[in-house]
Amino acid sequence: MTALADGYHAVPPGKLATLVTFLEMTAPPPRRSPSPPDGYALARVERWDTSEFKALYKEIGREWLWSSRLLMPELLLEARLHRPGTFAFTPLRDGRRMGVLEMDFAQPGEVEVSFFGLVPDAIGGGVGRWLMEEAIAMAFARGDTRRLWLHTCHFDSPQALPFYQRMGFVPYARAVEVFDDARLIGRLEEDAGWHVPLIRNGRLPDLG
């Protein structure tokens with residue numbers, strides 16, 4: 001892999017770039033509380049309806065410009081959601097899906113938390129901590145798990161990175177991700193991601 005040189009690097013018009021932090025856990029921390037918050041239960045999703053998944057995905061991640069699954073063609077999304085080794089769970093309250101936990105067990109000895117998030121009105125009250133404790137418990141219950149890992153980026157909630165570290169994850173790598181601005185192609189509303197300006201008629205900057 002070619003390292004980026006120091007300095008500025010132009011992002012093409014219509015694209016976004018974000019700094020991604022990768023975190024890992026090589027042994028489970030002591031479990032604090034296995035009980036769900038009042039009114040909550042954890043349910044396995046046996047099979048997603050892609051339209052229901054995208055609606056929940058947008059509800060969770062709209063503010064933070066979650067878009068990778070929205071940019072996928074429908075057949076590719078269907079295949080990715082139901083790929084062997086992928087398991088999805090949702091915290092339920094009064095029958096409503098309040099978030100998503102997706103875990104990828106396909107790699108021997110490693111487990112990825114591939115998606116983790118709550119709808120806005122589920123944030124607070126210990127729901128996120130409980131859900132992550134469930135994820136950690138499931139990952140290391142396999143017995144052969146040497147590493148549990150996930151990633152977040154600087155477009156995400158400012159609470160995300162410190163939360164993962166409080167849960168016992170340790171940062172180990174960074175990357176720059178470049179992808180289409182989903183707002184410009186109608187996959188997200190134009191007012192999504194208030195903290196990342198929408199540039200309609202972008203041009204390359206003069207970096208000379």
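**Entry 1: pockets**

What volume does the second largest pocket have? I looked it up and got about 480 Å³. Before going on, I noted that this is a predicted model, in which local features need pLDDT of at least 70, side-chain atom pairs count only at pLDDT 80 or more, and totals for chains, interfaces and linings use all residues. Residues are numbered from 1 along each chain as its sequence is written, and side-chain values use heavy atoms, with hydrogens and water left out.

My terms for this entry come next. The grid has a 1 Å spacing over the protein atoms alone, and a pocket is an open set of points where a 1.4 Å probe fits, with protein on both sides within 12 Å along at least five of seven lines. Lining residues have an atom within 4 Å of a point. Grid points are joined across faces, edges and corners, and a volume is the space filled by probe spheres set on the points. Helices (H or I, at least four residues) and strands (E, at least two) are DSSP runs numbered from the N terminus.

I then listed the lining of the second largest pocket and found 23 residues, with V11, P12, K15, L16 and A17 nearest the centre. Strands β1 (15-25) and β8 each give this lining at least two residues, and β1 has the largest share with five. By class I counted 15 nonpolar, five polar and three charged residues here. For the classes, Ala, Val, Leu, Ile, Met, Phe, Trp, Tyr, Cys and Pro are nonpolar, Asp, Glu, Lys and Arg are charged, and the others, Gly among them, are polar.

The largest pocket came next, at about 1200 Å³. I found 43 residues in its lining, and W66, F116, T152, D156 and Y164 lie nearest the centre. Which elements supply at least two residues each to this lining? They are α1 (50-61), β6 (110-118), α3 (127-140), β7 (147-153), α4 (160-166) and β8 (170-180). Strand β6 holds the largest share, seven residues. The class split for the largest pocket is 22 nonpolar, 11 polar and 10 charged.

**Entry 2: helices α1 and α2**

I measured nothing by hand here; I just read off the computed values. Helix α1 has 12 residues and reaches 16 Å from its first C-alpha to its last, close to the 16 Å expected at 1.5 Å a residue. That expected span is 1.5 Å times one less than the number of residues.

Which residues of α1 are buried? I found T50, F53, L56, Y57, I60 and G61. Seen down the axis, the buried residues of α1 fall within an arc of 130°, so they line one face of the helix. The arc is that of the directions from the helix axis to the C-beta atoms. Buried means under 20% relative accessible area, exposed means over 50%, and partly exposed is in between, with a 1.4 Å probe and protein chains only. An α-helix has 3.6 residues a turn, so residues three or four places apart point the same way.

The buried residues of α1 pack against α2 (74-81), β3 (86-93), β4 (96-97), β5 (99-104) and β6. I followed T50, which sits in helix α1 and is buried at a relative accessible area of 10%. Not counting residues up to four places away in sequence, T50 touches E74, L77, E78 and L81, where contact means heavy atoms within 4.5 Å.

In α2 the buried residues are L77, R80 and L81. They cover an arc of only 95° around the axis, which puts them on the same side of α2. Their cover includes α1, β3, β5 and β6.

**Entry 3: single residues**

Is L65 buried or exposed? I found L65 buried, at 6% relative accessibility. L65 lies in the loop between α1 and α2 and has a positive phi of about 60° although it is not a glycine.

D94 also caught my eye, with a positive phi of about 55° although it is not a glycine. D94 is in the loop between β3 and β4 and counts as exposed at 78% relative accessibility.

I closed with G14, in the segment before β1, which is partly exposed at 30%. Leaving aside neighbours within four places in sequence, G14 is in contact with F179, D180, D181 and L184.
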